[in-house]
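Here is a protein model to read through step by step. Look at the sequence and the fold before going on.

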Amino acid sequence: MDDLLIQPDGYASRVTPNNGKHYELGELQKVVGGYIELVPIPGSSELLAIVNEEGLLAKLTPNQRASVFIKQVVVGTVMIVNKSHLGEDENEEEGEEGLT
């Protein structure tokens with residue numbers, strides 16, 4: 001299953017982990033442009049949004065399309081990922097500490 005990358009301009013594309021199994025921390029940080037934050041998606045136990053943890057402080061461009069999907073205001077580039085594409089610890093820990 002592919003994941004979704006949503007740019008601030010609303011453009012969305014399907015993405016997969018570089019290794020085909022799970023995302024590496026550096027891979028996620030590169031996509032969102034900094035430290036990552038895992039945001040639960042209302043109504044889904046399988047999906048998470050990956051956002052720039054400091055995006056609001058850095059005044060990144062609002063991502064209206066992702067905000068509607070996540071049901072909260074998010075900024076910058078956003079990834080919508082299946083939890084199975086995160087390493088084992090990511091499903092138990094919040095933030096970037098558990099990423100491999």
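Val81 touches seven residues if those up to four places away in sequence are left out: Asp3, Tyr23, Glu46, Leu47, Leu48, Ile50 and Leu86. The model is a predicted one.

Several of these names return in the largest nonpolar core, which has 12 residues. Val81 belongs to this core, together with Leu5, Val15, Tyr23, Leu28, Val32, Ile36, Leu38, Leu48, Ile50, Met79 and Leu86. Two or more residues of the core come from each of helix α1 (25-32) and the strands β3 (36-40), β4 (47-52) and β5 (78-82). A second core, separate from this one, has 11 residues, among them Ile41, Ala49, Ala66 and Val74. In soluble globular proteins, nonpolar side chains tend to be buried together.

Leu5 of the largest core also leads to the start of the chain. The bridge partner of Leu5 is Ser13 in β2. Strand β1 covers residues 3-6 and strand β2 residues 12-15, and the two pair in the antiparallel sense over four bridges. Together they form a hairpin, with five residues between the strands. In its turn, Gly10 has a positive phi of about 95°.

Now take the whole chain. The protein has five strands and two helices, and from the N terminus their order is β-β-α-β-β-α-β. Of its 100 residues, 42% count as buried. Among contacts with a separation of 6 or more, 52% are between residues 24 or more positions apart. The accessible surface comes to about 5,900 Å², and carbon and sulfur atoms account for 50% of that surface.

Conventions. Residues are numbered from 1 along each chain as its sequence is written. This is a predicted model: local features need pLDDT of at least 70, side-chain atom pairs count only at pLDDT 80 or more; totals for chains, interfaces and linings use all residues. Side-chain values use heavy atoms; hydrogens and water are left out. Buried means under 20% relative accessible area, exposed over 50%, partly exposed in between (1.4 Å probe, protein chains only). Contact means heavy atoms within 4.5 Å. Accessible areas come from the Shrake-Rupley method with a 1.4 Å probe; for residues, only the protein chains shown count as cover. A nonpolar core is a set of buried Ala, Val, Leu, Ile, Met, Phe, Trp, Tyr and Cys residues joined through side-chain atoms within 4.5 Å. Two strands pair if DSSP finds at least two bridges between them.
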